[in-house]
Every structure is written in C-alpha cells, then in structure tokens.
Amino acid sequence: MRNLWAGLRLASTGRGAAADFVFSIDQVVLLAIATTGLAAMGSYLGSVPPRDFYLPAIESLSFRLLLTLGFAYLATRFLSRLAVGSSAGAAKADVTPLAVVLFSLAAVERIVVSLLDLCEIHLPILSEEPYSTAVGLGVWGWLFWVTFGAVRLTSTLAPGRIALIVGAYLAALWSVSSAVPLEPFFETDSWSQAASGGAAIDAEQVMYDQRDHVERALSSLAPERPGVADLYFVAFAGDASQAVFRREVESVRDLFGRSFDARNRSISLINSDETIDHTPLASSTNLAEVLAGIGQRMDPARDVLFLFLTSHGTQTPELAIDFAPIPLRQISPDDLRDMLDEAGIRWRVIVISACFSGGFIETLENDESLVMTASAADRESFGCSHDADFTYFGRAYFDQELARTRSFEAAFEAARARIDALERNEGLDSSLPQMAMGAKIRPLLREMAERLEMEADAAP
C-alpha cells in the first residue's frame with residue numbers, strides 16, 4: 001500500500017523521493033498483482049451491465065507489465081553504465097528500484113484509464129474527434145511526465161538524457177500498444193437478452209402482428225411521382241441486444257427525411273422491445289416483403305432505394321439477426337441480393353454497418369449499385385455499445401459527413417478518413433471501410449443530389 005500511495009503522489013504531483021518507496025522483488029510481484037486487480041475493477045466500473053469477462057485481458061496486461069520490466073532492466077543498466085563509465089558498474093546495477101516505481105505508476109495508470117472510460121459512458125462526446133485526440137495526447141503526455149519522474153527518482157543522470165531514454169521507451173510502447181492494445185477485463189455482453197431490456201414478450205403474438213405492421217408501413221408510403229427520381233429509404237436494425245442499432249436507425253431515418261426528401265418514403269425494421277408494438281421486426285421475411293412492396297411502388301427506370309443495415313456481423317459472412325427469445329434467420333449476401341432482385345429494384349445504394357461487412361460487396365456490386373460497408377471482409381468495425389447513439393461508422397458517415405452533403409460518395413471518403421484517424425488514436429486495428437460505385441448509378445446519384453440541393457436552396 002505504501003508503494004501505491006507513493007506512486008499516486010508521484011503521478012499526481014510529479015514529486016517524490018526514493019525514501020517514499022519500499023524496494024524489493026516481493027514488492028514488484030505484489031504491485032503486478034495489484035495492477036491486475038485495479039485493471040479488472042476499473043474495467044468493471046467503466047462498463048455497463050450485462051458484462052462479459054474477457055480472459056485475454058490478462059495476457060495483454062501481462063505483456064505490458066513485462067515490457068515495463070524490460071524497460072526498467074535496460075534503463076537501469078544503461079543509466080548505471082553512463083553514471084560510472086564502466087561495464088562493471090552496469091553489471092552491479094539493481095533493477096528493483098525503477099521496477100517498483102514503474103509498477104506503482106502502472107497501477108495508477110489503470111485507475112486513470114478506468115476513470116476516462118467511465119467519463120465516456122456519461123459523456124459520449126469524449127469519444128468523438130477532436131475530443132478523443134485531445135484526451136489521447138493528454139494521456140501520453142502524462143505518461144511521459146510520470147515515467148520521467150520515475151527514472152529521475154532512481155537515477156542521477158542529467159534530465160536531458162533521461163528525457164531521451166523515456167521518449168524512446170514511450171515510442172516503443174506506442175508501437176507495441178498499436179499492435180497489441182490493452183484489452184478490457186469486462187465488456188458489455190453484446191449478445192445478452194438482457195441488453196434489449198429484458199421485458200417478457202409474447203413471441204406468438206409478436207409474429208402474428210408482423211403482417212399488419214408491414215402492411216401499415218407500406219401503406220404509409222407516398223405515391224411515386226412521375227418524372228422525379230425519388231429516393232426510398234429502408235433501415236434495418238438487426239440486433240436487439242444493443243440499443244445502439246435502434247438509435248442509429250431512428251437518427252438516420254430522420255436525416256433522410258430532412259435532407260433527402262424521403263420523409264414519406266421511409267420504412268424502419270427494428271429489433272427492440274421499445275418498438276415492438278408498432279414497428280416491423282428486422283427479420284429476413286419482413287425485409288423481403290418490404291422490398292417487394294417498395295419495388296411495386298417505385299419507377300424502376302429512375303427511382304433509387306437507399307438500404308441501410310446495421311447489426312453485428314460474422315466472418316461467414318452473415319448479418320446477425322437477433323431478438324430473443326424469437327429465433328430469427330441470419331442474412332447472407334446471397335439472401336440480400338435475391339431479395340433485391342426479386343423485388344425488381346434496379347437502382348440501389350446499400351450501406352452495411354457491421355463487422356466483416358466487406359464480405360457482402362462482391363455479391364452485391366454491379367453497375368447500377370453503390371455498396372458501402374463499415375469494414376473490410378476480414379476486419380471488425382467498432383463503436384457498438386448499449387449506451388451509444390451511433391457506431392463509429394454510423395456517426396462518421398451519417399451524423400458527421402452525410403449531414404452536410406448530399407453526395408453519398410463524398411461523405412464516404414470523408415468518413416473513411418475520419419474513422420481511420422479515430423481508430424489509430426485508440427490503438428485499434430483499422431476497420432478499412434469499403435465502397436464499390438457502379439458506373440451507371442454515379443450520374444443518377446449526382447443528378448439527384450443536384451436536384452435536392454436546388455430544392456433546399458429554393459425552400460423558404
């Protein structure tokens with residue numbers, strides 16, 4: 001406990017003395033255990049129920065502690081050699097003091113990171129640019145400061161040399177953290193039934209009501225306008241286990257109503273106990289029926305369908321469809337292509353926000369389609385949270401970029417750069433969003449965007 005308090009003082013004030021710490025190998029071991037415990041407790045408090053325990057977190061934290069111990073060993077030997085000017089002195093160098101101080105700081109670092117995670121739950125804006133960048137730079141600046149203090153506490157070397165050594169260490173740490181990020185011990189259980197609210201439902205009645213919900217949604221569509229390239233919008237929130245998909249669909253539908261003249265040509269399919277009484281379920285059957293109904297109402301020569309699907313994804317690839325306790329069939333690329341073909345919908349803009357969603361592109365792309373996905377076929381996408389309003393892709397593409405342009409293509413390019421910067425800042429593997437633009441649909445979409453811009457400018 002004495003070492004933890006001394007580490008907390010050093011981390012918060014930059015002040016400390018060697019006499020504040022107890023140096024022994026036993027203390028190094030105890031501090032490693034304490035750091036693990038604090039990381040687990042902080043991860044628990046920095047997440048929301050229902051939670052899953054993530055065993056690989058122990059491996060990633062152990063790797064980080066071994067890296068810290070390796071730095072303590074090399075720094076001690078190097079600093080001792082510089083101090084006495086001989087390899088003999090370096091051989092007698094004791095790594096324990098610096099290891100104790102660094103491990104004490106590592107425990108404090110886990111507390112700080114947990115507090116930041118907790119803040120992001122209550123203030124989601126902290127996960128957005130430029131706030132996330134500012135937080136990241138602040139954390140790395142703080143790490144430099146406290147590591148510099150730790151080395152200076154156990155060495156008589158000049159501050160300039162210590163700064164160079166610490167800078168090299170943090171550069172190596174940043175590289176390693178990018179490749180092997182620290183995993184949280186606890187994460188929200190994204191597949192739990194409880195995440196959807198846990199309310200008891202009458203599955204038989206729900207399924208009986210689906211035909212009425214679909215027919216009512218289709219009957220609410222405004223009639224097709226001759227001579228006008230209308231945009232029809234269909235949104236699909238496939239997984240009830242996290243409310244982010246429902247919120248994302250609702251927000252994007254509002255956006256298309258405001259900016260793309262689709263207020264009366266929009267249908268949402270949502271798996272959520274909050275919408276079950278009035279909105280069709282996001283099931284493959286309902287999606288096929290909705291697409292068929294829209295196909296009958298559209299002018300196939302000029303009208304465009306914008307289909308937005310958001311959920312979890314698999315490497316198979318398939319789009320995860322989940323609304324426990326009702327068993328629903330997953331959607332494959334072939335399923336989606338067949339639905340669109342059978343509906344007779346020619347012009348298609350398809351956005352799939354899910355892990356591994358790039359696996360849909362090869363099946364769906366053609367000259368008359370624009371297909372965009374949140375990730376490559378072998379990559380995960382990020383930002384799924386029960387408390388979030390958007391996934392990373394959804395926020396960047398719809399909320400931040402498409403909200404200020406009517407060009408689907410331009411918005412995607414800008415969103416891709418934004419997402420890449422966010423993921424690099426958080427040490428995540430890049431999701432690599434993908435786009436396939438058909439040669440024939442590009443001029444049609446450009447013409448539609450120009451018309452919408454003119455109508456917006458002419459509006460009072």
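Let's start with a helix: α13 (residues 392-401) lies across β5, β8 and β9 (369-373), and runs at about 140° to β8. Keep in mind that this is a predicted model. Two of the strands under discussion, β5 (residues 304-310) and β8 (residues 347-353), pair with each other in the parallel sense, and one residue of β5, Phe306, gets a closer look below.

**The sheet**
- The sheet is an open one, built from 6 strands in the order β4-β3-β5-β8-β9-β10, with mixed pairing.
- At its edges stand β4 (266-270) and β10 (434-437); each has a single partner strand, so one side of each is left without a neighbour in the sheet.
- On average, neighbouring strands of this sheet are turned by 10° against each other, if you ignore direction.

**β5 and β8**
- The parallel pairing of β5 with β8 runs over 7 bridges.
- If you want a spot to click on, Thr310 has Ser353 in β8 as its bridge partner.

**A second helix**
- Helix α10 (residues 284-297) lies across β3 (231-237), β4 and β5.
- Relative to β3, helix α10 runs at about 175°.

**Phe306**
- Phe306 sits in strand β5.
- Its relative accessible area is 0%, so Phe306 counts as buried, the cut-off being under 20%.
- Leaving aside neighbours within four places in sequence, Phe306 is in contact with Leu231, Tyr232, Phe233, Val234, Phe256, Val349, Val351, Phe398 and Phe408.
- Ser266 is 40 residues from Phe306 in sequence, and the two are 9.4 Å apart in space, C-alpha to C-alpha.

Terms used: Residues numbered from 1 in each chain as written. Predicted model: local features only at pLDDT ≥ 70, side-chain atom pairs only at ≥ 80, totals over all residues. Heavy atoms only, no water. Pairing = 2+ DSSP bridges. Helix = DSSP H or I, 4+ residues; strand = E, 2+ residues; numbered from the N terminus. Axes fitted to C-alpha atoms, helices over the stretch in contact; angles between N-to-C directions. Contact = heavy atoms within 4.5 Å. Buried < 20%, exposed > 50% of the residue type's maximum accessible area, 1.4 Å probe, protein only.
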